[in-house]
Every structure is written in C-alpha cells, then in structure tokens.
Protein chains: 2
Amino acid sequence: MSVTDQPRRRDAAATREAILRAAIEAFTRAGYDGAGVREVAAAAGVTAMLVNRYFGSKEQLFAEAVDRSFAAPTVVGADPAALPAQLAAALVARTDPASEPLNPYLLMLRSAGNPRAAEIMREAIGRHVGRRLTGLLTGPDAGERAELVLSVIAGVWLMRDVLATPALTGADPGRLKEHLSGVIQALSRPSPDPA
Amino acid sequence: MSVTDQPRRRDAAATREAILRAAIEAFTRAGYDGAGVREVAAAAGVTAMLVNRYFGSKEQLFAEAVDRSFAAPTVVGADPAALPAQLAAALVARTDPASEPLNPYLLMLRSAGNPRAAEIMREAIGRHVGRRLTGLLTGPDAGERAELVLSVIAGVWLMRDVLATPALTGADPGRLKEHLSGVIQALSRPSPDPA
DNA sequence: AAGATAGGTCTACAGTCGTAGACATACCTG
DNA sequence: CAGGTATGTCTACGACTGTAGACCTATCTT
C-alpha cells in the first residue's frame, strides 16, 4: 500500500475494517463476479485466506459490503414538497462521470448479473433503502412508488455511468435536472389523476 | 438436445444460427461473465471450439448476440400522443415475472458488470434502440429524453425482474401502468414548464 | 467410386477462481 | 523473561475458464 509497507500493527478490528473497505471498493468497481478475493486482500494489505477467515466466504463478504454500502443515506430530504427537485439535483450531481466512484447504485448495477448477489441485494434494499424512501412518500401505495423512484435512480445511474451513453453523459445538467424532477414529481402523488 | 440426438445435418449457416440463439439465451439468463462458451456450445449441440471458429472469440460472440437481441423492436408506437400509455402498458406486461425470459433489457442488465460488455452494449444501443426511440419523441433535446425513457425502462426491469423486489413484483399492474404512464408523459414534453 | 473440402471434434495448455489445513509470528499476560 | 494466544501467511488442491493446433469425417463434386 504505502511506500514503506511496514507490516501493519496487529489489530483484528482494524484489519477487518480495511478488508471491508477494500471489498466495497472492488465490488463497486468490478461487480461481484469481476472482483476476486485475492484482489480485495491485496488492496487491504493482507492475504486472501485472511479474508475468508474473517468473513467466512466471498458471498458473506459481499453481503456485508452491500449492507455497509446501502446503509449510508444517499439523499436526505425533509420537506416532501421539495423532494423531487432535491432528489433530481442530487442524482444529476452524483451521476456525473467525474463524481466519486463509490456508491451503492454502482455496486448494485455491476453485481446484478450474479443470481446470488441479486438475492443479497434485494434483501439489503428492503432493509435499508426501500424503507427509507417509503417514509418520504405519502399515500397508500407509497411502497411501490418508492421502488419506482428507486428504479428511475438506478436506471439513470446505469445509462449515465455504467454504460456511459453519450446523450446522457453530455447532456446539460440543468435541463437533465428539470426532466428528472418532473419524473419524480409524477411519482410523488399518491394516485395519478384519472382526468 | 432432442431425445434422439442424431448428429445434425452439416449446415454452416444453420449451425451458426443455433449457436447464436443459444448464446442469446445464455447471456440473457446468466450475463456475460456467468455464461460460459462450453455452456453455449452444449446448448447448440456442438463443441466449444466451434463457437470460437465461427465467432472468433467469446467477446465477438457476445457482440453479435447483443446486436441481434437489440435489433428486435420491443415496442412500436405510432401515435406520439398515445405513446406514454402504450409504452407503460407494454413495460408492465413484459416485466411480469411470468413473462417470456428473453429480451434485450435482461441481457443488458445482467451483463453490465463487465466493462468490455458495457462498451459493446453502449454501441449497440446507439445503433438500434436509442435511434428508434429518439424518432418517437419531438423537440430539440429528444435524444437525451429518449435515453431517460430508456433509463426508466431499464430501471423497472432491474427492480422487477432481476432483483425481484417484493413491492414491485406484487404491485397491481393497472396502478403500476398509471404511474409509469405519468412518468413517461413527463419525459415526452420537450421542456418542462418553468411555471 | 475416389478425391477434395467444408464442417466438427479431441486434446491440451496456461491461467484464475474460491477455499482448506498446516504452519509461522507478533503481541499481551503472567 | 517465558509462555500462550490471537493474528496472519504459505502451500496447495480441484474446478473452471477461454482458446489454440492437430485431427477426424461427412458431404459434395468429378
């Protein structure tokens, strides 16, 4: 790691934390299948076996990495009326290709191909993100509208960062924010007007 | 494959087609990393080497599978005014877990983790889907709004089929269609009203 | 019927993967 | 200072991956 890689002081908690951080980084960048245990171990400055010794298996390591990554509150909005604009602004800002590369949505999108990883993430969503977002919405079908908002967020992250589609990466942020604000607004109302 | 697996009559075109079909199925079900060349070959009733002999490499096979999968027009809408409702209805119907398991969005979502696969799919989107959807929208920023619609579609497919989130899989189809129709409607207008 | 060629298979290699058991060493306690 | 234990490493295995070259054989042509 550092230039003078003196063997880190023996501290189980700190080492475990270093491995978990490295795992989040690796899984977010390369996905569940693309990240190897040896790679995670090397980034944490330890051996591959120590990873399994602390976390049991790659699958359990992934589960804990997902849980940690999803636990961090991505967007906090207090006023329900201002939520669409705030959410849209945050989404546009954070999906900027030059933005910070560590976030739960990238981890999710790049690991969705593996069935076991998908299960783990579904449970984590129900445990963290879904519940948090549902609380911000009002109405009887808040749960499903919250997951629709989640779908939109994930979809934008997919196209803009993972696939890096030209029209979205090069779009004007202000106009993009307007569009997305309208989309989220449409999902904020309990039931669409059957005019 | 069949019970009496008599060695298929030697026909280069037919064999190539069988391999390509098997590849689309495998890549859609397991993603780029999850599907192996031997698995594809076995499903087509041939040897792994023949796959590479016809397609050069796994990567080129994937590129051709993506191109074929994306070329099939998923939703055809003629009337721009009715487009949101039609698109929403088709999306809700086709993302039903009991629906047909072969479609470009699943292929895309489950392969997005691999960087090379992501590049290939980005090009294929620009070549097929993006252009097709852009033609259905009007206004100066039709391109970026088309990709936002694509983002919504992909996001719903991700949550409803790949992750199989409970609130979306169990949601009432009619109400879901209403919500999504409103979302797409918001993206159909050239520029949101700065009221 | 005999040869030519397109169509397919066999064997194998070099690499990576996740993981298990035995072994070594740094640190704390007496 | 001596011992014990927590902490970390080494070696290795079996399975799987994509792919290359040599080889076989069914089919068509003459």
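**Rings and DNA in a predicted model**

In this predicted model, residues 36-55 of chain A are 80% helix and 0% strand, with the end C-alpha atoms 14 Å apart.

Me: Which annotation covers residues 36-55 of chain A?
Reply: That stretch is 80% helix. Its label comes from an unreviewed UniProt entry. The name given there is "DNA-binding region".

Me: How do the rings of Tyr32(A) and Phe62(A) meet: stacked or edge-to-face?
Reply: Searching the whole structure turns up 8 aromatic pairs over all chains. For Tyr32(A) and Phe62(A), the ring centres are 4.8 Å apart and the planes are at 75 degrees. Planes over 60 degrees apart count as edge-to-face. So this pair is edge-to-face.

Me: Which helices does the pair of Tyr32(A) and Phe62(A) link?
Reply: The two residues are 30 apart along the chain, so to speak distant parts of it. Both Tyr32(A) and Phe62(A) are buried. Tyr32(A) belongs to residues 12-34 and Phe62(A) to residues 58-71, which are helix H1 and helix H4 of chain A.

Me: And in chain B, how are the rings of Tyr32(B) and Phe62(B) arranged?
Reply: Tyr32(B) lies in helix H1 and Phe62(B) in helix H4 of chain B, so their pair ties together parts 30 residues apart in sequence. The ring centres are 4.8 Å apart. With the planes at 75 degrees, the arrangement is edge-to-face.

Me: Which residue has its charged end over the ring of Tyr32(A)?
Reply: Tyr32(A) is in a cluster linked by ring pairs, along with Phe27(A) and Phe62(A). A charged end also sits over the Tyr32(A) ring, 4.6 Å from its centre. That charged end belongs to Lys58(A).

Me: Where on DNA strand C does the side chain of Thr15(B) make its contact: a base or a phosphate oxygen?
Reply: Arg10(A) has a polar side-chain atom 2.9 Å from a base oxygen of the strand. For Thr47(B), a side-chain N or O atom is 2.8 Å from a phosphate oxygen. Thr15(B) has a polar side-chain atom 2.6 Å from its partner, a phosphate oxygen.

Me: Which element gives the largest share of the surface near DNA strand C?
Reply: 20 residues surround the strand, and Lys58(A) is among the closest. They divide into 8 nonpolar, 5 polar and 7 charged. The largest share is 3 residues, and the element giving them is H3(B).

Terms used. Residues are numbered from 1 along each chain as its sequence is written. Chains are lettered from A and ligands numbered from 1 in the order in which they are written. This is a predicted model: local features need pLDDT of at least 70, side-chain atom pairs count only at pLDDT 80 or more; totals for chains, interfaces and linings use all residues. Side-chain values use heavy atoms; hydrogens and water are left out. Rings of Phe, Tyr and Trp (its six-membered ring) pair if their centres lie within 6.5 Å; planes under 30 degrees apart count as stacked, over 60 as edge-to-face and the rest as tilted. Helices (H or I, at least four residues) and strands (E, at least two) are DSSP runs, numbered from the N terminus. Buried means under 20% relative accessible area, exposed over 50%, partly exposed in between (1.4 Å probe, protein chains only). A charge sits over a ring if NZ of Lys or CZ of Arg is within 6 Å of the ring centre and within 35 degrees of the ring normal. UniProt positions are given in the numbering used here, feature names are shortened, and annotations may be inferred rather than shown by experiment. A residue is near a molecule or strand if one of its heavy atoms lies within 4 Å of it. A polar contact is a pair of N or O atoms within 3.5 Å; within protein, one must be able to donate a hydrogen and the other to accept it, and residues adjacent in sequence count only if both atoms are side-chain atoms. Ala, Val, Leu, Ile, Met, Phe, Trp, Tyr, Cys and Pro count as nonpolar, Asp, Glu, Lys and Arg as charged, and the others, Gly among them, as polar.
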